[in-house]
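Okay, thanks for coming, everyone. I'd like to walk you through one structure today, going from rings to a helix to some sheets. Let me put it up on the screen.

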Amino acid sequence: MDEPISGVEQHPAKYWHALDDGRIQCDLCPRDCKLHEGQRGACFVRGRVGDAMVLTTYGRSSGFCIDPIEKKPLNHFYPGSSVLSFGTAGCNLACKFCQNWDISKSRSFDRLLDQASPEAIAQCAERYGCKSVAFTYNDPVIFAEYAMDVADACHARNIKTVAVTAGYIHAQPRRDFFAKMDAANVDLKAFTDEFYVRQTGSHLQPVLETLQYLKHETNVWFELTTLLIPDLNDSAQEISAMSEWIVKALGTDVPLHFSAFHPDYKLNDKPATPAKTLIQARKIALDAGLRYVYTGNVHHVAGDTTYCPACATELIVRDWYEIKQYRLTQDGRCDNCNATIAGRFGQFAGQFGRQRIPVRVGAVA
C-alpha cells in the first residue's frame, strides 16, 4: 500500500501554481500534474499538502556508492576519478524497460535507507577523495530542490556535481537545476515520439530542448546515452537520423554512448541487444560525423577507447571501467599531435578502476 503523504517528512517544493478550479499544478516537468489535497504527482515523491507542493524525499536516499566516473557513463569528465553516487525514489517517466525499476518505480519509502543532509554528503565525498557527486539511479529532476542544495554544499568544498537524467524538465527549473551542475549524462532514449509515448509515457521534444539548452546556453559538460532495444529503437535509419540531428544541433564533440538492453521490468519479451548491433550503431554515428562514440554493457575495447579525432591515436584505452593507457596532457590534448580533445580534464594521477564501494553517509558524517 502506498504510504500516505501525511506520514512522511515533507520539504517545501518549488515550481507549482494554483489553478482556478482549486487544484495546484506542478510546473517542474512537462507532465503538468494537477493535484487535489493529499494527491501525489506521477513521480510519486512530489505532492500536495494544504495549499502547497511538498517534496517527500528530501534528505532521504536509496543508498550511496563510490563508483568510477566512467560508469555514469562519462568518458570525458576527469577520466579515472571516483564519484559518490546516490538516488532517492520515484521517477517522472514510466519506462517499461527501466533497469533501476526497484528504485525508480518504488512506491514505498522503505527503500530509502540512508538519511543525509547536503553538508553530510559533501563531507563524505571529500573524506573519500571523490572528485564529484552524482545524482543517479532515479532521475534527479524530481528531487531538484535536494539535488541543488547538495550541489551548493559540494561546490563549497570544490567537489563537482553530475546529473544522470532523462532531461524531462520545464524551462525555468531547467535553468535553476543545471546552473548547479558541472556535468550530465542525458538519456536520449530514442529518436521518435512514438517510442517515447509508448515506452516511457513522455515525449521526445522536451528532451531535445534540454539538450539544445545545455549546448548553447550553459557550460555544463554533457554526454548522451541511448539504450538500444531490439526492434524498438535500433534500426539503422533511426540511429542515422539521431546522429545527424546531434551533429547539426549539438555539434560533433558531444560523446554518444550506445548501451546494450537486457530484459527487465515490463519489457521481458525482447532479447538482449547483440554486441554487433552496438558496434554497427557506433559506425553509423561515426560516419555521420560524431567524433566520440562508445559502446556500453558489452565487452568491446575499441568501443570503450577514446581516439584522437585528428591523428587516430588511442588516447584513453579502457577495458570495462579500467584504464589501460592514458595519453592526454593535463589540459586535454593529444600527446601525439597536440589536438584538443573535448571534455574536462586535469592531472591524471591513476584511476579508481572498476570497484564499487557502498558507503553509509549518515555513519560517516
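So, the aromatics: there are 13 aromatic pairs in the structure. One of them is Phe 143 with Tyr 146, where the ring centres sit 6.1 Å apart and the planes meet at 55°, so we call that pair tilted. Both partners, Phe 143 and Tyr 146, are buried. Then take Phe 177 and Phe 178: here the centres are 5.1 Å apart and the planes stand at 85°, so this pair is edge-to-face. I should say that what you're looking at is a predicted model, so please keep that in mind throughout.

Staying with that second pair for a second, are the two rings' residues buried or exposed? Phe 177 has 0% relative accessibility, so it counts as buried. Phe 178 comes out at 2%, and the cut-off for buried is under 20%, so Phe 178 is buried as well.

Some of the rings also join up. Ring pairs tie Tyr 58, Phe 64, Phe 86, Phe 135, Phe 143 and Tyr 146 into a cluster, so our tilted pair of Phe 143 and Tyr 146 belongs to a wider group.

There are charges over rings, too. Arg 40 lies over the face of Phe 44, 4.2 Å from the ring centre. Likewise, Lys 131 lies over the face of Tyr 78, and there the distance to the ring centre is 4.4 Å.

Okay, on to a helix, H7, which runs over residues 236–249. How far apart should its ends be? With 14 residues at 1.5 Å a residue, H7 should span 20 Å, and its end C-alpha atoms are 20 Å apart, so the two agree.

Now look at which residues of H7 are tucked away. Glu 238, Ile 239, Met 242, Ser 243, Trp 245, Ile 246 and Ala 249 are buried. These residues cover an arc of only 160° around the axis, which means they are on the same side of H7. On the face turned away from that buried side you find the exposed residues Gln 237 and Lys 248.

And what covers the buried residues of H7? The cover includes helix H6 (205–217), strand E14 (221–228), strand E15 (256–260) and helix H8 (275–288). Just after H7, have a look at Gly 251, which takes a positive phi of about 100°.

E15 brings me to the strands. E15 runs parallel to E16, and four bridges join them. Across that pairing, Ser 259 stands opposite Gly 296 in E16. Within E16, which is residues 293–296, Val 293 and Thr 295 point one way while Tyr 294 and Gly 296 point the other way, and all are buried.

Next, an open sheet of three strands in the order E17-E18-E19, with antiparallel pairing. E17 (306–307) and E19 are at the edges with a single partner strand each, so one side of each has no neighbour in the sheet. E18, residues 314–319, is joined to E19, residues 322–326, by four bridges. In that pairing, Val 317 stands opposite Gln 325. The hairpin of E18 and E19 has two residues between the strands, and Trp 320 there takes a positive phi near 60°.

There's another open sheet of three strands, in the order E2-E3-E4, and its pairing is antiparallel. Its edge strands are E2 (16–18) and E4 (34–35), each pairing on one side only. Between E2 and E3, residues 24–26, there are three bridges, and the bridge partner of Trp 16 is Cys 26 in E3.

Last stop, Cys 33, in the loop between E3 and E4. Its relative accessible area is 19%, and buried means under 20%, so Cys 33 counts as buried. So which residues does Cys 33 touch, leaving aside its neighbours within four places in sequence? Those contacts are Ile 24, Gln 25, Cys 26, Gly 41 and Ala 42. Cys 26 is the residue we just met as the bridge partner of Trp 16. To give you a feel for the distances, Cys 33 and Arg 354 are 321 residues apart in sequence and 40 Å apart in space, C-alpha to C-alpha.

That's my tour, thanks for listening.

Conventions:
Residues are numbered from 1 along each chain as its sequence is written. This is a predicted model: local features need pLDDT of at least 70, side-chain atom pairs count only at pLDDT 80 or more; totals for chains, interfaces and linings use all residues. Side-chain values use heavy atoms; hydrogens and water are left out. Rings of Phe, Tyr and Trp (its six-membered ring) pair if their centres lie within 6.5 Å; planes under 30 degrees apart count as stacked, over 60 as edge-to-face and the rest as tilted. Buried means under 20% relative accessible area, exposed over 50%, partly exposed in between (1.4 Å probe, protein chains only). A charge sits over a ring if NZ of Lys or CZ of Arg is within 6 Å of the ring centre and within 35 degrees of the ring normal. The expected span of a helix is 1.5 Å times one less than its number of residues. The arc is that of the directions from the helix axis to the C-beta atoms. Contact means heavy atoms within 4.5 Å. Two strands pair if DSSP finds at least two bridges between them.
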